[in-house]
Amino acid sequence: MIRVFLVDDQEMVRAGFAMIIDAAPDLGVAGQAADGRTALTMLRSPEHRADVVLMDIRMPGPDGVETTRRLMASARPPRVVMLTTFDADDLLVAALRAGASGYLLKDAGPADLLAGIRSAAAGDAPVSPRLVGRLIDSFVRPAPAPPAPDPGLDRLTQREREILAAVGLGLTNTEIAARLHVAESTVKTHLGAVLRKLDLRDRVQAVILAQSLGG
């Protein structure tokens, strides 16, 4: 059972998400909070232990970014998936840097919401397609800066480089497997090796790196 904690200042939003989550056989709501301060207090309790936290990015008091930053400083923090109403939210990049694992738009359908939660719990980084381009733009089109140090691509095998390039194109594991004519499990194994060798936290960071290198 994947335990999900909801943080949103709108009660109706929390209620709607809770109904969707509790209806899934492998998911359950571990608790709810209307603000970041309450969420941090509740998540310290074993009763409200969570595998995934759905975090509203904009709310009174400590916003979703600051709440995520504080949560990541705790021992064995849960995976945090940010929720935003607008794909132009200027806090998305800040949330990624604070330790968020993924981003979903609040207008996502029930199937996308459940898939995102399961993906985050499995260690992946769910990101709404409409947000990927904005995240990449924010990371790889800053003002001119000195050349970045070699990210360590020489440690990758040829196949691992192919996987990284495909991830940079926004392809799913299934699509990469079809393109390279390998099993999806093989793609997952190689991607895991890429993340480990390049010291990347998750798939989002792999996308950003691949795009910055010319994708």
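How are H1 and H5 oriented relative to each other? They turn out to be roughly perpendicular (angles of 65 to 115 degrees count as such, under 35 as roughly parallel, over 145 as roughly antiparallel, and the rest as oblique). The model is a predicted one, in which local features need pLDDT of at least 70 and side-chain atom pairs count only at pLDDT 80 or more, while totals for chains, interfaces and linings use all residues. Residues are numbered from 1 along each chain as its sequence is written, and side-chain values use heavy atoms, with hydrogens and water left out.

On confidence, the chain has a mean pLDDT of 85, and 86% of its residues reach 70 or more; pLDDT is the predictor's confidence in each residue, from 0 to 100. The weak spot is residues 142-149, where pLDDT is below 50 and the stretch has zero contacts in the model beyond near neighbours in sequence. Contact here means heavy atoms within 4.5 Å.

As for the overall layout, the chain has 10 helices and five strands. These are DSSP runs numbered from the N terminus, with helices being H or I of at least four residues and strands being E of at least two. Of the 215 residues, 46% are buried, where buried means under 20% relative accessible area, exposed over 50%, and partly exposed in between (1.4 Å probe, protein chains only). Among contacts between residues at least 6 apart in sequence, 66% join residues at least 24 apart.

Back to the opening pair: helix H1 (residues 11-22) and helix H5 (residues 110-121) pack at an angle of about 70°, with their axes 10 Å apart. Axes are lines fitted to C-alpha atoms, for helices over the stretch in contact, and angles run from 0 to 180 degrees between N-to-C directions. Phe17, Ile20 and Ile21 in H1 meet Pro110, Leu113, Leu114 and Ile117 in H5. By class, that contact has seven nonpolar, no polar and no charged residues. For these classes, Ala, Val, Leu, Ile, Met, Phe, Trp, Tyr, Cys and Pro count as nonpolar, Asp, Glu, Lys and Arg as charged, and the others, Gly among them, as polar.

A second crossing involves helix H7 (residues 158-168) and helix H10 (residues 203-212), whose axes come within 8 Å and cross at roughly 95°. That makes H7 roughly perpendicular to H10. Leu164, Val167 and Gly168 on the H7 side meet Arg203, Ala206, Val207, Ala210 and Gln211 on the H10 side. This contact divides into five nonpolar, two polar and one charged residue.

Helix H8 (residues 173-180) has Asn173, Ile176, Ala177 and Leu180 as its buried residues. They cover an arc of only 100° around the axis (taken from the directions from the helix axis to the C-beta atoms), so they sit on the same side of H8. The buried residues of H8 pack against H7, helix H9 (184-197) and H10.

The loops hold a couple of backbone oddities. His181, in the loop between H8 and H9, has a positive phi near 60° despite not being glycine, and counts as exposed at 74% relative accessibility. Asp199, in the loop between H9 and H10, has a positive phi of about 55° and is exposed, with a relative accessible area of 70%.

Finally, Leu91 lies in the loop between strand S4 (79-84) and helix H4 (92-98). Its C-alpha atom is 7.3 Å from that of Ile57, 34 residues away along the chain. Not counting residues up to four places away in sequence, Leu91 touches Ile57, Arg58, Asp63 and Val65.
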